[in-house]
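Let's take a friendly tour of a protein model and look at the empty spaces inside it. Have the structure open as you read.

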Amino acid sequence: MKRIGFLSFGHWTPHPQSAAQSASDVLLQSIDLAVATEELGGDGAYFRVHHFARQLASPFPLLAAVGARTERIEIGTGVIDMRYENPLYMVEDAGAADLISGGRLQLGISRGSPEQVIEGYGYFGYRPAEGETDADMARRHTATFLQALAGEGFAEPNPRPMFPNPPGLLRLEPHSEGLRDRIWWGAGSRATAEWAGQQGMNLMSSTLLTEDAGVPFHQLQAEQIRLFHDAWTAAGHTREPRTSVSRSIFPLVTEQDHAYFGLERRSSDQVGMLEGGRAIFGKTYAAEPEELVRQLAEDEAIAAADTLLLTVPNQLGVDYCAHIVEQVLEVAKDPALGWR
């Protein structure tokens with residue numbers, strides 16, 4: 001069965017037509033949407049992280065709150081920009097959120113994407129070392145994060161501690177067993193997908209790829225997934241890896257659906273320039289359920305992934321976003337897809 005959840009960027013704006021006019025609105029509504037998704041039979045609540053923007057930024061308080069209010073669904077990020085992160089402090093936050101949720105955390109991390117502020121990570125106190133790029137720095141932070149997540153002791157204990165220590169070197173606490181296997185890398189290219197497979201991280205691929213091979217987006221993304229699996233196998237990892245893709249999918253069922261997304265029927269892949277290179281952005285799927293089934297059945301990347309994340313327009317409110325999730329879950333039951 002294909003896991004189906006939502007991915008929210010958590011936009012908010014003080015505009016009278018926005019259902020999310022403040023940061024408080026976004027945070028509380030994100031929790032409510034996660035609860036509604038679980039009640040509808042969905043499988044995950046995921047949140048994007050952006051800094052210096054009117055969007056969700058600090059994920060761990062939100063993830064812990066969602067974990068406390070739900071019982072079954074996976075909770076995660078898609079993705080955290082590792083250029084901005086203190087990897088050891090992040091280990092503690094992630095361990096706490098995972099323990100609160102009972103081991104349901106699926107943490108997506110990456111090198112990051114263009115942000116609101118030029119070299120914003122510098123304001124957080126991080127700069128690439130001599131000879132490093134910002135991508136190199138993100139991978140260095142990631143290596144430290146993954147090593148500390150494993151739970152091995154590495155810090156020399158104080159011989160006169162305030163409280164008794166266990167024997168040997170000390171690890172970070174709280175430690176959550178198994179969390180290392182639930183780390184995902186947000187890969188924007190085939191090469192970074194192969195790197196993720198080599199490192200033993202699951203693969204998270206969005207609606208944007210930072211390369212263009214002259215083929216439809218879904219076919220390029222399916223190739224990315226195949227290369228990830230090949231790299232995983234070649235690296236000798238023994239557990240079964242997971243892969244996810246994100247999609248904008250809107251079943252046109254009600255008059256409101258048609259008003260909001262009817263024009264997206266004509267959506268197609270878009271190719272453009274991003275950070276000096278060609279990139280491709282996947283199309284939006286918007287159609288009546290029967291036609292939507294036909295279109296989705298032809299998407300090779302969705303077929304190859306075990307998890308589908310639905311990008312939701314959170315400023316339209318919890319009820320409408322839950323409606324989208326519900327209608328996609330209905331579409332997923334069609335035997336022509338074989339998702340549920």
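Start with the residues around the largest cavity of this predicted model. Its lining is made up of Phe-6, Ser-8, Ala-20, Val-26, Gln-29, Ser-30, Leu-33, Phe-47, Asn-314, Gly-317, Val-318 and Cys-321. Three elements give two or more residues each to this lining: β1, α1 (23-40) and α10 (318-332). Which of the elements gives the most to the lining of the largest cavity? That is α1, with 4 residues.

How do we find such spaces? Rolling a probe the size of a water molecule over the atoms shows where empty space is left. Counting cavities of 30 Å³ or more gives 2 here. The second largest cavity has Val-91, Gly-95, Leu-149, Pro-174, His-175 and Ser-176 around it. Here are the two side by side:

| Cavity | Volume | Lining by class |
|---|---|---|
| Largest | about 80 Å³ | 7 nonpolar, 5 polar and no charged residues |
| Second largest | about 30 Å³ | 3 nonpolar, 3 polar and no charged residues |

Now for the fold itself. Eight strands form a closed barrel with parallel pairing, in the order β1-β2-β3-β4-β5-β6-β8-β13. From one strand to the next, the twist averages 25 degrees. Strand β1 (residues 3-8) runs parallel to strand β13 (residues 307-311), and 5 bridges join them. Phe-6, which also lines the largest cavity, stands opposite Leu-310 in β13.

Helices pack on this sheet too. Helix α2 (residues 59-69) touches β2 (44-47), β3 (74-81) and β4 (105-110), and its direction makes about 175 degrees with that of β3. Helix α3 (residues 87-101) touches β3 and β4, with its direction at about 150 degrees to that of β4.

How values were computed. Residues numbered from 1 in each chain as written. Predicted model: local features only at pLDDT ≥ 70, side-chain atom pairs only at ≥ 80, totals over all residues. Heavy atoms only, no water. Pairing = 2+ DSSP bridges. Axes fitted to C-alpha atoms, helices over the stretch in contact; angles between N-to-C directions. Contact = heavy atoms within 4.5 Å. 1 Å grid on protein atoms, 1.4 Å probe; cavity = no way out; pocket = protein on both sides within 12 Å on 5 of 7 lines; lining within 4 Å. Points joined across faces, edges and corners; volume = space filled by probe spheres on them. Nonpolar A, V, L, I, M, F, W, Y, C, P; charged D, E, K, R; others polar.
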